Amino acid sequence: PAGGPSAMAQAGVLLTKEPAPQAVPASDLPVKVCEVALNTGPDSSSGLATAGFRTAKYLLPEWRRSNSDLYHKAFTGCEQAERGRAEAKELAEHAAATAQRAQQDSTATLGQRLQDIYFWKAELQKEIEDLDAETGLLAAQKLRLEKALDATKVPYAIATDNLQCRERRQPPDLVSDEVERELLKEAELIRNIQELLKRTLTQAGNQMRLLRDHKEVCEMDWSDKVETYNIDDKCGRYSNQSTNIQFHPSSVKFEESASTPETWAKFSHDNIYRAEREKLASINLRALIDNILHDVSEDLRMQCAAVNEAFAKRCEELDDTKHKLEHHLKKILKEIGDQEANIAALKEAIRDKEAPMKVAQTRLYGRSFRPNIELCRDEAQFRLVSEAEELTESIESLKKKLLESEQSLRNLEDTRMDLEKEIAVKMNSIFIDRQKCMAHRTRYPVVLKLAGYQ
């Protein structure tokens, strides 16, 4: 039959089993017989009267053959239709099973995809929470740094004020002593600590910005995952009975910018890896800040103790020196009194020699009027001259001693003034160191404040 082989070839591709055998066996068609009319030449007169009727009619064998062809065509058509219906039914069933199986596979694949998305979404959410918590912890450490930096202002003001107050010491107490060296060391230490805290504050601020940046990246990735999860969950819930499904022919293609599963997973993995790296850096920085604040507070307290100890020693030394000066001043004052009494006694002794001198000189003067030979260098005359000379010598010795005593008194007075001045200088130094500096140092912050806890 016409079209049979091609239909069978096509059916062989589509059907899963052989077609049913034909109900009616095929038979050979009768051979067509061709008859040639006789006496058909132009000179023949046979059949001229019926020529018009014979030319318009089929021959009987032709009629039979036409009917036979029509029977065979109808039989073949029915057979092909029946076979086509069976093939169509089989094809429809196969297509329905294939569609159902494909839909089930797609739904299962979407379910697996939802699990993958949920896994990364959960990982990103955990990382975001960790970053947020770490940012809060680092912010607390940064606040401690700021408090510690503010707390260093008081010690620096105390140290500089102590140095300025000690500039008002008077010579010779205006010395570069151990207290001044410790104070200068303390001021330098506080300046270095302030610079260190400022650098650490800048580092903490930069680290917090990095944490926020990576948190923002993870949040954007997490937001995309949430949106994608909702989309895939919605798609997974579509079924053949859904009322909101329609044709979208243009969607059956891959986008050029679409990622692969490997790059998709690597993107979230890299985001989490970078965030974890910054989180670890933040943890290390917080530990560093802890150590820095602990060391800073300890260094400041130790230096404060060293300065206080130097002040105590210096004040003790000043007290000792002042007491010694006062003791010497007491002795000088006693010596001045004794010397003044001695000078008064010397003056009295000199005055006491005036009467004997007058007596001796008057005697010598009176005996100088002895007449003539009576003006004799007798023993009395020698004794009177000797007495006058002895008195003169004694007076000169007393006057010399008086001058020495007066000079000694002046020296004692100068020493007394020097001692009194030095005592005043020491009292001024003690007042500055004890009443000004050490009293001011009682306002030194406690360790907790220096460590940034208050």
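User: I've got this model open. How many disulfides does the count come to?

Analyst: Start with the caveat that this is a predicted model. A disulfide is called when two cysteine sulfur atoms sit within 2.5 Å. By that rule, the count here is zero. Two cysteines are still worth a look: C218 is buried at 1% relative accessibility, and C304 is buried too, at 2%.

User: What about the overall fold: how many helices and how many strands are there?

Analyst: Nine helices and zero strands. Walk along the sequence and you read α-α-α-α-α-α-α-α-α. For the contacts, look at sequence separation: among pairs at least 6 apart in sequence, 90% join residues at least 24 apart.

User: And what share of the protein is buried?

Analyst: The cut-off is under 20% relative accessible area. Buried residues come to 28% of the 454 residues. On the outside, the protein exposes about 31000 Å², with carbon and sulfur atoms supplying 57% of that.

User: Which residues touch the most other members of the largest nonpolar core?

Analyst: That core has 31 residues, and L145, L197, I289 and L300 touch the most other members. Helix 3 (60–151), helix 5 (178–237) and helix 6 (261–352) each put in at least two residues. Take L145 as an example: beyond its sequence neighbours up to four places away, L145 touches L197, T200, L201, A204, I289 and L293. There's also a second, separate core of 18 residues, with I350, M357, L409 and L412 among them.

User: Let's zoom in on M208. Where is M208 found?

Analyst: M208 is in helix 5. With a relative accessible area of 7%, M208 falls under the cut-off, so it counts as buried. Setting aside neighbours within four places in sequence, its contacts are T135, L138, A139 and K142. Sequence distance and spatial distance are separate readings, and M208 with L131 shows both: 77 residues apart along the chain, 9.7 Å apart C-alpha to C-alpha.

User: Now a polar one. Is S268 buried or exposed?

Analyst: Buried, with a relative accessible area of 0%. S268 is found in helix 6. To read its surroundings, check which atoms pair up: the S268 side chain makes a polar contact with the side chain of D221 at 2.9 Å. Leaving out residues up to four places away in sequence, S268 touches W120, L124, D221 and K225.

User: How do I read backbone oddities?

Analyst: Keep the baseline in mind: most residues other than glycine have a negative phi, and most peptide bonds are trans. Then look for departures. A cis peptide bond joins P171 and P172, with omega about 5°. P172 is found in the loop between helix 4 (153–166) and helix 5.

User: What is the phi of N372 near?

Analyst: Near 45°, a positive value in a residue other than glycine. N372 is in the loop between helix 7 (354–367) and helix 8 (379–441). Its relative accessible area is 72%, so N372 counts as exposed.

User: Last one: which residues does UniProt list for "coiled-coil region"?

Analyst: An annotation like this is a label from a record, and it may be inferred rather than shown by experiment. The unreviewed UniProt entry lists residues 85–141, 315–349 and 388–429. You can then set a listed span beside the coordinates: residues 315–349 are 100% helix and 0% strand, with the end C-alpha atoms 50 Å apart.

Definitions and conventions. Residues numbered from 1 in each chain as written. Predicted model: local features only at pLDDT ≥ 70, side-chain atom pairs only at ≥ 80, totals over all residues. Heavy atoms only, no water. Helix = DSSP H or I, 4+ residues; strand = E, 2+ residues; numbered from the N terminus. Core = buried A, V, L, I, M, F, W, Y, C linked by side-chain atoms within 4.5 Å. Buried < 20%, exposed > 50% of the residue type's maximum accessible area, 1.4 Å probe, protein only. Contact = heavy atoms within 4.5 Å. Areas by Shrake-Rupley, 256 points an atom, 1.4 Å probe, with all protein chains shown as cover. Polar contact = N/O pair within 3.5 Å; in protein donor to acceptor, adjacent residues only side chain to side chain.
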